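Hello,

Here is the structure I promised to pass on. Please open it next to this email, and then read my notes below.

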Amino acid sequence: MQMHVSFRRHATCHVIAASLTLLYSSFPAMADAAEFAIGDKLPEFSNLHAVDGTRWDSMKLGDSRVLIVVFTCNRCPYAVEYEDRLNALHAKYSESGKQVRLFVINSNYGPNESLKRMRLRAKEKRFNFPYVKDTDQSVARSLGAVYTPEFFVFDHDGRLVYKGALDDATNSENVKTNYVDDAVSALLAGAPVKTTEIGARGCTIRFRRRRPSPRGP
């Protein structure tokens with residue numbers, strides 16, 4: 001089906017974003033994702049390659065008082081919309097030493113989501129936080145991640161205290177509440193996290209299709 005759209009700047013942006021969202025959303029995401037609930041422990045993982053050449057495992061993340069794990073990708077229009085906010089989030093907590101750590105994961109399958117493309121994107125956007133590739137998609141599956149972007153906040157014991165959207169508006173100019181900031185502030189103050197889950201907004205993670213196991217004779 002062919003679509004005719006106006007090429008006025010704002011209208012074009014909305015049409016492209018909607019079209020890409022439909023494209024990304026057409027891939028299976030939740031079929032075999034784990035059920036990961038508030039209070040669950042961060043799963044163990046290892047050997048995730050970052051854009052700066054380092055390798056990461058879950059043990060390296062255990063020294064922070066608060067851990068923010070983010071699933072994103074290179075091409076989803078929602079994820080792109082949040083890139084500057086990721087930089088701002090990192091800048092806000094980079095002076096906290098090891099109190100708050102931002103850890104960003106790309107689990108998407110596809111040629112535009114390769115580690116090479118991630119390096120180019122990280123350089124273009126000047127990412128200073130770890131941006132790693134979940135090549136076998138095991139981390140996304142173990143956390144039950146579905147969307148890009150999607151945020152998971154863990155306390156000093158590695159227990160999940162918040163998951164879902166970063167804030168309450170895709171357009172940064174309309175944001176009134178930042179759920180991740182609120183969760184982090186509560187943890188640093190030794191207070192309970194009031195809002196523990198808000199549905200994430202974004203494209204569904206593009207998972208590889210798993211072939212069914214062959215049946216015996």
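In this predicted model, eight strands form an open sheet. Their order is 2-1-5-4-3-7-8-9, and the pairing is mixed. In general, the strands of a sheet pair through backbone hydrogen bonds, either parallel or antiparallel.

Look at the edges next. Strand 2 (55-56) and strand 9 (197-198) stand there. Each has a single partner strand, so one side of each is left without a neighbour in the sheet. Strand 2 runs antiparallel to strand 1 (residues 48-50), and two bridges join them. Find H49: R55 in strand 2 stands opposite.

Two helices pack on this sheet. Helix 4 (residues 115-125) touches strand 1, strand 4 (100-106) and strand 5 (131-133). The direction of helix 4 makes about 170° with that of strand 5. Helix 6 touches strand 3 (66-72), strand 4, strand 7 (150-154), strand 8 (160-164) and strand 9. The direction of helix 6 makes about 5° with that of strand 7.

Helix 6 (residues 179-188) also packs with helix 3 (residues 83-93). Their axes are 12 Å apart. How are the two helices oriented to each other? The angle is about 15°. Angles under 35 degrees count as roughly parallel, so helix 3 and helix 6 are roughly parallel to each other. Their crossing is right-handed.

Which residues meet here? From helix 3 come L89, K92 and Y93. From helix 6 come V180, D181 and V184. By class, this contact has four nonpolar, two charged and no polar residues.

Best wishes

Technical notes
Residues numbered from 1 in each chain as written. Predicted model: local features only at pLDDT ≥ 70, side-chain atom pairs only at ≥ 80, totals over all residues. Heavy atoms only, no water. Axes fitted to C-alpha atoms, helices over the stretch in contact; angles between N-to-C directions. Helix = DSSP H or I, 4+ residues; strand = E, 2+ residues; numbered from the N terminus. Parallel < 35°, antiparallel > 145°, perpendicular 65-115°, else oblique. Left-handed = near helix turned anticlockwise from the far one by under 90°. Contact = heavy atoms within 4.5 Å. Nonpolar A, V, L, I, M, F, W, Y, C, P; charged D, E, K, R; others polar. Pairing = 2+ DSSP bridges.
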